Structures are given as structure tokens and as C-alpha cells.
Amino acid sequence: APVTDADGNTLFNLTVMGVATPETQTKANPALMKGLTFLSGQKLYDAANAKIKVAREEGNADIVIALTHLGVDASSEPNRSIDFVKNVPGVDIVIDGHSHTVMTKGENGEPIQSTGTAFANIGVIVIDDATKKIESNSLFEIKEDTAKDATVAAAAQKIIDRIDKEYGAVFAKSEVVLNGAKAPNGNRDSETNNGDLITDAMVWKILQDKESLTVDADHVVAVTNGGGIRKAINPGDVTKKSINEVLPFGNTVVTIYITGAELLEALEASTYCTPDAIGG
């Protein structure tokens with residue numbers, strides 16, 4: 001697309017390419033991806049290179065920005081943003097996500113920028129109109145006093161106060177630390193008391209209506225992804241807020257019927273890289 005000045009004069013042509021990790025297929029709701037095919041590795045690189053070649057030939061790509069959700073986690077190889085820029089040299093810069101990394105370049109100077117998570121930073125990219133090249137890129141850290149609008153702040157605080165009141169109510173106590181770590185010795189590479197508690201609670205919930213089940217109660221198994229367990233619970237009071245911090249994604253408990261072979265396949269898929277961690 002052409003980028004123009006205030007008078008409508010074209011300054012340069014910009015191509016933005018969207019790239020999503022094939023991990024999307026196992027880390028998001030499958031119902032939202034029916035009919036979609038996710039490329040991986042060399043097939044991903046080839047498709048990106050072909051798109052850029054066409055854009056360059058048509059004069060639509062003075063600058064190519066890849067807007068990616070690939071990340072730089074070792075478990076994502078060969079589909080990391082660092083793999084992508086190495087194999088797709090036509091990309092001028094990658095704006096990345098997925099691994100929640102804060103960086104303005106890769107470990108080896110790769111043109112990759114990532115702002116972290118939870119609005120920690122705003123990414124800035126400066127393009128030189130004359131040379132039609134990226135002049136610089138940087139991160140602008142968001143702090144408490146970065147920018148405030150009194151009306152918006154008051155409206156937000158009203159909502160926050162109401163939620164804090166409801167979610168701050170104590171309904172239980174814990175005598176131990178419920179493990180919230182990722183890895184090592186966390187929910188992505190080990191059995192934890194937090195994971196056990198969560199899945200035991202899922203089984204308990206389903207067995208409240210055991211009459212509706214078509215299998216015996218001792219055939220009910222609960223499975224949850226370790227990557228969805230996001231925080232520890234410390235000894236002491238437990239509130240709704242505590243639970244929401246541990247399980248922030250709003251998932252629901254669903255009963256499905258599968259064979260033992262299918263359950264084994266799911267368990268193998270979730271432990272294939274052990275002892276390396278995986279969120280599945």
C-alpha cells in the first residue's frame with residue numbers, strides 16, 4: 001500500500017505480511033481454525049519469499065514489514081522469528097509476538113522487535129522517506145504516569161473497584177504453596193500440586209452429574225494444558241482474584257468421549273519433548 005504525505009503524494013510503498021505460528025493449531029480454539037492450513041519450516045519460508053517477490057516486482061514493497069506471532073522460544077524452532085528472518089531475507093523488520101520477549105533486535109542482531117506483554121512497551125519504527133529505508137526502531141516503556149485521561153481513569157477505576165470488591169472476597173485458605181512455575185520443576189515439565197488440584201476439581205465438577213455420563217465414574221479423566229496455569233497460590237487466603245490469576249483464560253469444562261488409544265496419543269503429544277518444557 002502507498003504511504004502518502006498530507007498532500008497525497010506517495011512517499012514509499014509498504015507491504016505488511018502477517019505470519020502466524022503453526023502452534024496456533026494446538027494453542028487456540030480449533031473451532032476458529034476450520035479450513036485453515038498452517039505452513040511450517042521451509043514451506044513457510046518459501047510462501048513468504050514468493051509473496052515478497054511478487055510485491056517487489058509490482059512495485060508495492062519499498063519496505064516489507066512482517067507482523068508475526070512466532071516468538072523466539074527454543075521449543076518453537078524452526079518457526080521462530082529468528083528462523084524466519086534468516087530464511088526470508090526480503091523482510092526489512094519483524095514485529096513479533098508469542099514469546100512475550102522484550103527486544104529491539106535478535107541475539108545476533110536480527111531485525112526483530114517485540115514489545116513484551118500486557119502493554120509494557122510501545123514499539124516505534126522510524127522510516128526515512130528519502131531513502132525509503134528503516135532509519136531506527138526502539139521501545140517506549142509504558143509507566144504509570146505515561147499518559148492519563150481523567151475521564152477514562154475515573155471510569156476505569158469504577159469498574160476496577162467493583163471487580164476488586166467481588167473478587168477480593170476470601171472463600172478458602174491454602175496451607176501450602178501451589179506451584180505456579182513454568183519450568184524447570186513447573187507446570188510445563190512436571191507434575192505439580194497446582195495442576196493436580198485443578199484437574200481434580202474438573203473431575204469433581206463432572207461427577208456432580210454422573211447420571212448423565214455414558215461411562216463409569218472411574219473412567220472420567222481430566223486433562224488441562226500446563227501452559228494455561230499462570231501463577232502460584234501462596235499459603236493463606238484464597239480469593240476469586242487468586243483463581244483468576246492462576247487461570248486467566250476463561251476456559252470452560254467440557255466432557256468429550258474418546259478411546260484409550262486417543263487419550264494415549266494426546267498424552268504422548270504433550271510430553272514428546274520431555275524433559276524440555278511445552279505448554280501443551
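This is a guided tour of a predicted model, stop by stop, with what to select at each one.

Local features here require pLDDT of at least 70 and side-chain atom pairs pLDDT 80 or more, while totals for chains, interfaces and linings use all residues. Residues are numbered from 1 along each chain as its sequence is written, and side-chain values use heavy atoms, with hydrogens and water left out.

**Whole chain**

Show the protein as a cartoon: it has seven helices and ten strands. Helices (H or I, at least four residues) and strands (E, at least two) are DSSP runs, numbered from the N terminus. Along the principal axes, the C-alpha atoms fill a box of roughly 70 × 55 × 35 Å. The radius of gyration is 24 Å, where a compact globule of 280 residues would have a value near 19 Å; it is taken over C-alpha atoms, and the globule rule is 2.2 Å times the number of residues to the power 0.38.

Switch to a surface. The accessible surface comes to about 18300 Å², and 54% of this belongs to carbon and sulfur atoms. Accessible areas come from the Shrake-Rupley method with a 1.4 Å probe, and for residues only the protein chains shown count as cover. Buried residues account for 28% of the 280; buried means under 20% relative accessible area, exposed over 50%, and partly exposed in between (1.4 Å probe, protein chains only). Of the contacts between residues at least 6 apart in sequence, 56% join residues at least 24 apart, a contact being heavy atoms within 4.5 Å.

**Nonpolar cores**

Select Met 17, Val 19, Ile 52, Phe 84, Val 88, Val 91 and Val 94: of the 18 residues in the largest nonpolar core, these touch the most other members. At least two residues of this core come from each of strand S2 (10-20), helix H2 (41-57), strand S3 (63-69) and helix H3 (81-87). H2 gives the largest share, five residues. Such a core is a set of buried Ala, Val, Leu, Ile, Met, Phe, Trp, Tyr and Cys residues joined through side-chain atoms within 4.5 Å.

Centre on Val 19. Beyond its neighbours within four places in sequence, Val 19 is in contact with Leu 44, Leu 67, Thr 68, His 69, Leu 70 and Phe 84. Then move to a second, separate core of seven residues, which includes Met 202, Ile 229, Ile 233 and Val 246.

**Thr 21, Ser 76 and His 98**

Next, select Thr 21 in the loop between S2 and helix H1 (24-27). Thr 21 counts as buried because its relative accessibility is 2%. Residues up to four places away aside, Thr 21 touches Phe 38, His 69, Leu 70 and His 98. For a long ruler, draw the C-alpha distance from Thr 21 to Glu 166: 37 Å, with their positions 145 residues apart in sequence.

Ser 76 is in the loop between S3 and H3 and is also buried, at 2% relative accessibility. With residues up to four places away left out, Ser 76 touches Glu 23, Leu 70 and His 98.

His 98 itself lies in the loop between strand S4 (93-96) and strand S5 (102-103). His 98 is not a glycine, yet has a positive phi of about 90 degrees.

**His 100 and Thr 117**

Stay in the loop between S4 and S5 and select His 100. This non-glycine residue has a positive phi of about 60 degrees. His 100 is partly exposed, at 38% relative accessible area.

Add Thr 117, whose C-alpha atom is 5.3 Å from that of His 100, although they are 17 residues apart along the chain. Thr 117 is in the loop between strand S6 (112-115) and strand S7 (121-128), and is partly exposed at 41%.

**Cis peptide bonds**

Select Ala 183 and Pro 184: the peptide bond joining them is cis, with omega about -5 degrees. Pro 184 is in the loop between strand S9 (170-174) and helix H5 (193-207). Then go to Thr 274 and Pro 275, where the peptide bond is cis with omega near 15 degrees. Pro 275 is in the segment after helix H7 (260-270).

**Helix H6 and Tyr 167**

Finally, select helix H6 (residues 240-246), which contains Ser 242. Ser 242 is buried at 14% relative accessible area and, leaving out residues up to four places away, touches Ile 233 and Asp 237. Lys 240 sits over the face of Tyr 167, 5.8 Å from the ring centre; this requires NZ of Lys or CZ of Arg within 6 Å of the ring centre and within 35 degrees of the ring normal.
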